[in-house]
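Grab a coffee and work through these exercises with the model open beside you. Each one sets a task and then walks through a solution.

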Amino acid sequence: MEQIKQAGPEVESPSFLASTFQRGIALYVHIPFCQSKCIYCDFNTYAGLNHLIPNYLESLIKDINLWGDLLDRPTVNSIFFGGGTPSLLSSKQLKKILVAIRGSFDCSATAEITAEINPDDVTAIKIDGFLEAGVNRLSIGFQSLDQELLQLLSRRHGVEKAIEAFEIARSVGVKNINLDLMYGVPTQSLSQFQETLELVANLQPEHISAYGLTVETGTPLEKLINSAQLPDPDPDLAADMYAHIDSYLSSRYTGYEISNWALPGRECRHNLTYWKNLPYLGIG
């Protein structure tokens with residue numbers, strides 16, 4: 001009687017993983033801590049637990065060391081600190097993580113190293129410390145430049161602070177900045193979004209990301225919509241906003257994937273790794 005092989009998940013051997021990563025990988029480092037959680041957020045993030053950051057970083061660095069050994073020190077072409085709010089870290093803490101990465105992986109001399117930044121956390125001293133630690137690209141979470149929408153989204157910063165954060169980063173010497181925007185927000189009008197986009201483009205960042213809002217299950221935003229305290233997002237209006245982005249930015253920026261526009265040569269290498277389904281490793 002022919003033996004039937006039981007189906008089940010196949011575990012890749014360390015040697016197979018190492019050979020797969022020979023041309024290099026993207027490395028994502030998750031920092032799950034926040035001062036406060038936005039009403040739309042469904043990410044693995046936690047507010048009010050900043051006292052756990054030191055212990056978390058110890059575990060994170062152990063993970064970095066273990067993965068470096070398991071994968072035989074592959075080349076890292078890009079590093080992305082996401083969250084959560086990586087800008088809650090001190091420059092000393094961020095540098096400690098990068099030292100561990102360089103000790104456990106073959107970190108390319110030209111690696112793109114991005115940190116997500118909340119505008120409220122930006123000071124010249126902090127950004128200068130991040131640059132000294134090795135960060136060479138910032139992604140600043142504007143989301144909107146409309147004060148009412150920022151309050152609706154429960155963002156910590158206001159319009160003036162967002163613009164000030166960008167100007168501080170420039171003055172300190174950051175030459176590669178992405179600004180994050182959100183469209184399709186309940187109550188958001190086309191004219192509101194057009195005004196935000198114009199203000200952002202006039203700042204001349206190297207990169208602009210614009211993400212359509214998704215109402216995630218279990219979020220405070222979903223509860224507000226289900227209780228009729230906020231209207232359902234209008235998908236047709238969101239489509240009009242997206243069409244405006246592509247049209248308005250086309251003379252200066254290249255749309256290289258569905259949510260990202262960049263000046264020539266400033267495409268985010270980390271984004272492209274995901275977009276092209278190339279190898280990456282997530283830690284944390």
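**Exercise 1: the faces of a helix**

Helix α9 has A238, M241, H244, I245 and L249 as buried residues, where buried means under 20% relative accessible area with a 1.4 Å probe and protein chains only, and exposed means over 50%. Before going on, note that this is a predicted model, where local features need pLDDT of at least 70, side-chain atom pairs count only at pLDDT 80 or more, and totals for chains, interfaces and linings use all residues. Residues are numbered from 1 along each chain as its sequence is written, and side-chain values use heavy atoms, with hydrogens and water left out.

Task: work out how the buried residues of α9 sit around the axis, and what covers them.

Step 1. The buried residues span an arc of only 115° (taken from the directions from the helix axis to the C-beta atoms), so they are on the same side of α9.

Step 2. Flip to the other side of α9 and you'll find P235, D236 and S247 exposed.

Step 3. The cover over the buried residues includes β7, α7, β8 and β10; helices (H or I, at least four residues) and strands (E, at least two) are DSSP runs numbered from the N terminus.

**Exercise 2: checking the helix length**

Task: compare the expected span of α9 with the distance between its end C-alpha atoms.

Step 1. Take 1.5 Å times one less than the number of residues; the 15 residues of α9 (235-249) should therefore span 21 Å.

Step 2. The end C-alpha atoms of α9 are 21 Å apart, which agrees.

Step 3. While you're at the start of α9, look at D234: one of its side-chain oxygens comes within 2.9 Å of the backbone nitrogen of D236.

**Exercise 3: reading the sheet**

Task: lay out the strand order and find the edges.

Step 1. The open sheet has 9 strands, ordered β9-β10-β8-β7-β6-β5-β4-β1-β11, with mixed pairing; two strands pair if DSSP finds at least two bridges between them.

Step 2. β9 (254-257) and β11 (280-283) each have a single partner strand, so one side of each lacks a neighbour in the sheet.

Step 3. For a parallel pair, try β7 (residues 177-183) and β8 (residues 207-212), joined by 6 bridges; M182 sits opposite Y211 in β8.

Step 4. For an antiparallel pair, take β9 and β10 (residues 260-262), with 3 bridges. E257 has N260 in β10 as its bridge partner, and a hairpin links β9 to β10 through 2 residues.

Methods. Contact means heavy atoms within 4.5 Å. A polar contact is a pair of N or O atoms within 3.5 Å; within protein, one must be able to donate a hydrogen and the other to accept it, and residues adjacent in sequence count only if both atoms are side-chain atoms.
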